[in-house]
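Visitor: I should like to be guided through this structure. Please take me from the sheet to the helices.

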Amino acid sequence: MIENQPALLVLDVQKGFDDPYWGKRNNLEAENNILTLLTEWRKRNWTVIYSQHLSLEPQSPFHYKNPEGTEFKDSTKPLSGEVIMQKNVNSAFIGTQLETFLKTNQIKTVVITGLSTQHCVSTTTRMSGNLGFTTFLVSDATAAYEVTDHNGTYYTPEDIHQTELATLHKEFATIVKTSDILNQLK
């Protein structure tokens, strides 16, 4: 059950994720679902927190000197007054004031959305659960990318997405859909 006034975390929804560097992606509706949740949070005047990845790796589409890649996607851009946590690692908790901000504002529950499931979403979700926050991960407001492992085995974006969700569920977070969140807020 979602507690009163959870924070919505929108992780790394940046133009760099449109770069062919990442390969194929699942859930092309993720940004629309994030926007649906953003609209609800904004209507209620609840806390929205963004993370913005500013990589130190020169080849990364998110390299801090690449304004096109680090820019937020147009459909989910932060509004004035919404918090932005800039980071250069996967977790939105490392090197930022996220944990302090949540605790200072007595926010005990977070709803996580963003890109990508196997990177920042998974890492931030694990840390959120480990830090004691009640954590909900919105499965249809996240997306994953294809991966070829160290043995040359290919995994589809959907395989990666579902495997990540399975490993996070119950241990670190409750996995929900956008409609589940909206129904609980009625």
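Visitor: In what order do the six strands of the open sheet stand?

Guide: The model is predicted; local features need pLDDT of at least 70, side-chain atom pairs count only at pLDDT 80 or more, and totals for chains, interfaces and linings use all residues. Residues are numbered from 1 along each chain as its sequence is written, and side-chain values use heavy atoms, leaving out hydrogens and water. Strands are DSSP runs of E of at least two residues, helices runs of H or I of at least four, both numbered from the N terminus, and two strands pair if DSSP finds at least two bridges between them. The pairing here is parallel, and the order is β3-β2-β1-β4-β5-β8.

Visitor: Which strands stand at the edges?

Guide: An edge strand has a single partner strand, so one side is left without a neighbour in the sheet. The strands in this position are β3 and β8 (174–176).

Visitor: Which residue of β3 is the bridge partner of I49?

Guide: Strands β2 and β3 run parallel and are joined by five bridges. In one pair, Q52 stands opposite Q86 of β3. For I49, the bridge partner is V83.

Visitor: Which side chains of β3 point to the buried face?

Guide: In a regular strand, side chains alternate between the two faces of the sheet. Buried means under 20% relative accessible area, exposed over 50%, and partly exposed in between, with a 1.4 Å probe and protein chains only. In β3 (residues 83–87), I84 and Q86 point to one face and are not buried, while the other face has the buried V83, M85 and K87.

Visitor: Is N33 buried or exposed?

Guide: N33 is found in helix α1. Beyond its neighbours within four places in sequence, N33 is in contact (heavy atoms within 4.5 Å) with D140, A141 and T178. Because its relative accessibility is 16%, N33 counts as buried.

Visitor: At what angle do α4 and α5 pack?

Guide: Two packed helices are described by the angle between their axes and the distance between the axes. Axes are lines fitted to C-alpha atoms, for helices over the stretch in contact, and angles run from 0 to 180 degrees between N-to-C directions. The axes of α4 (residues 117–130) and α5 (residues 157–168) are 11 Å apart, and the angle is about 5 degrees.

Visitor: What does that make α4 with respect to α5?

Guide: Angles under 35 degrees count as roughly parallel, over 145 as roughly antiparallel, 65 to 115 as roughly perpendicular and the rest as oblique. Therefore, α4 is to α5 roughly parallel.
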